[in-house]
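I opened this notebook to keep track of what I looked up in the structure, point by point. The entries follow the order in which I went through the model.

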Amino acid sequence: FDSAPALVDDDESFIVDVQKRLRQKKVELAADSLLLAEGSREVSLVTLDELRELKQDYLVDTFVPQSDGIVVLVAKRSMGKTFAYIGMVLSMIFGMTWMGKKTTPAKTLIVLGEGLHGFYERVVAWCNYYDKPIEEVGRWVHFATGVNLNSPVALSKLSEFVTDLGIELCVIDTWAATSGLTDEDKAALVSQTLNKMEGAVGRATVLITHHPNKSSEDASRLVPRGSGAFEGRADVVLSLQPDKKYQSREGLKEKWLSISTDAEHGGKNRGARQETVQGAYLKSYSGSKVWAQ
């Protein structure tokens, strides 16, 4: 080390390197700032009277806003996310409650990034179990594949589907399979992708299925994998977890599940009180499973 040149402020090469590094940092910050600004909404004033008149309507009471909403359903892999939202969407179609919540029928687009095989059988099993005509599902629910939320071509096509079909709810299954992101930990990229997604779906509410990070997937509080942008942008975070505390009044023995918007479990609800709904389970039926409570 005695022979190494000292890096002092008057060392010209040192100063040049610092200036280059400083410029690189400024470029990165400026680029991130531009990414975060993309898709930003128009700035406008809102009066107190206008705020008072705002009312939030729901597709699923307190869980899924009727328009302009982002809902994130977070659960460990193979926990039943797909069965959960299939049950939710089909309950909406047939005017049934879901997790004890009143629902409203809505034209729905399900963007499948993974799990195409067997999906139809899951829908059939639900319809057979609840004795509902599957033909009605085709009138309300449409499906899309091959979507990359960072592809201008795919976004244009998604926007076309939403407009032409009158879509009110767009399900993204899953974020990892459709976002097109190579690094989920960069907040600017995640935020930019969410902006692009919102721009493509217009006023339709989006329900995103997502996984927790490795360190929290078996914990009592789930943390969405990747950047914290989800927790900031989402109107509702539904945390789906095993529920070892629940006891059936009828004495049933199942692998119970709960869905929670409580921060204690990693949930969130911007427009309603936090709560945990218990008693859900996956019921084996007709070679598949159905969401039941």
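Is Met 99 buried or exposed? I looked this up at the start, bearing in mind that the model is predicted. Met 99 has a relative accessible area of 5%, and because buried means under 20%, I entered Met 99 as buried.

**Entry: backbone**

I came to Met 99 through its backbone, since it has a positive phi of about 55° although it is not a glycine. I located Met 99 in the loop between H3 and strand S4 (108-112). Ser 78 is not a glycine either, and I noted for it a positive phi of about 70°. The place of Ser 78 is the loop between strand S3 (70-74) and H3. With a relative accessible area of 74%, Ser 78 is exposed, whereas Met 99 is buried.

I also looked up a cis peptide bond, which joins Asp 173 and Thr 174 with an omega of about -5°. Thr 174 lies in the loop between strand S6 (169-173) and helix H7 (175-178).

**Entry: the cavity**

I then turned to enclosed space, and the search gave 1 cavity of 30 Å³ or more. I wrote down about 50 Å³ as the space in the largest cavity. Which elements give two or more residues to the lining of the largest cavity? They are helix H3 (81-93), helix H4 (119-129) and strand S5 (141-145), and H3 gives the largest share, 4 residues. Among the lining residues I listed Tyr 85, Ile 86, Phe 119, Val 123, Val 141 and Phe 143. By class, I found 10 nonpolar residues in this lining, with no polar and no charged ones.

**Entry: salt bridges**

Side chains of opposite charge can pair when their charged atoms come close. For the whole structure I recorded 9 salt bridges, and I followed up several of them.

In the salt bridge between Arg 139 and Glu 136, the closest N and O atoms are 2.5 Å apart. Both residues lie in helix H5 (residues 134-140), 3 residues apart, which is about one turn of the helix. I noted Glu 136 as partly exposed, at 25% relative accessibility.

Arg 221 and Glu 231 also meet in a salt bridge, at 3.5 Å from N to O. This pair links distant parts of the chain, 10 residues apart, with Arg 221 in the loop between strand S7 (205-210) and helix H9 (229-233) and Glu 231 in helix H9. I entered both partners as partly exposed, Arg 221 at 36% relative accessibility and Glu 231 with a relative accessible area of 29%.

For Glu 275 and Arg 273, the closest N and O atoms of the salt bridge are 3.8 Å apart. I then saw that salt bridges with shared partners join Lys 101, Arg 273 and Glu 275 into one network. Glu 275 counts as buried at 13% relative accessibility, while Arg 273 is exposed, with a relative accessible area of 61%.

**Entry: the surface**

Which residues form a nonpolar patch on the surface? I noted Val 46, Leu 48, Leu 51 and Leu 54, which together have about 440 Å² of accessible area. I placed Val 46 in the loop between helix H1 (12-37) and helix H2 (48-53). Val 46 has 51% relative accessibility, and since exposed means over 50%, I entered Val 46 as exposed.

Technical notes:
Residues are numbered from 1 along each chain as its sequence is written. This is a predicted model: local features need pLDDT of at least 70, side-chain atom pairs count only at pLDDT 80 or more; totals for chains, interfaces and linings use all residues. Side-chain values use heavy atoms; hydrogens and water are left out. Patches are made of residues with over 30% relative accessible area and no salt bridge: like charges are joined within 9 Å, nonpolar side chains (Val, Leu, Ile, Met, Phe, Trp, Tyr) within 5 Å. Accessible areas come from the Shrake-Rupley method with a 1.4 Å probe; for residues, only the protein chains shown count as cover. A salt bridge is a side-chain nitrogen of Lys or Arg within 4 Å of a carboxyl oxygen of Asp or Glu. Buried means under 20% relative accessible area, exposed over 50%, partly exposed in between (1.4 Å probe, protein chains only). On a 1 Å grid over the protein atoms alone, a cavity is a set of points where a 1.4 Å probe fits but cannot get out, and a pocket is an open set with protein on both sides within 12 Å along at least five of seven lines; lining residues have an atom within 4 Å of a point. Grid points are joined across faces, edges and corners, and a volume is the space filled by probe spheres set on the points. Ala, Val, Leu, Ile, Met, Phe, Trp, Tyr, Cys and Pro count as nonpolar, Asp, Glu, Lys and Arg as charged, and the others, Gly among them, as polar.
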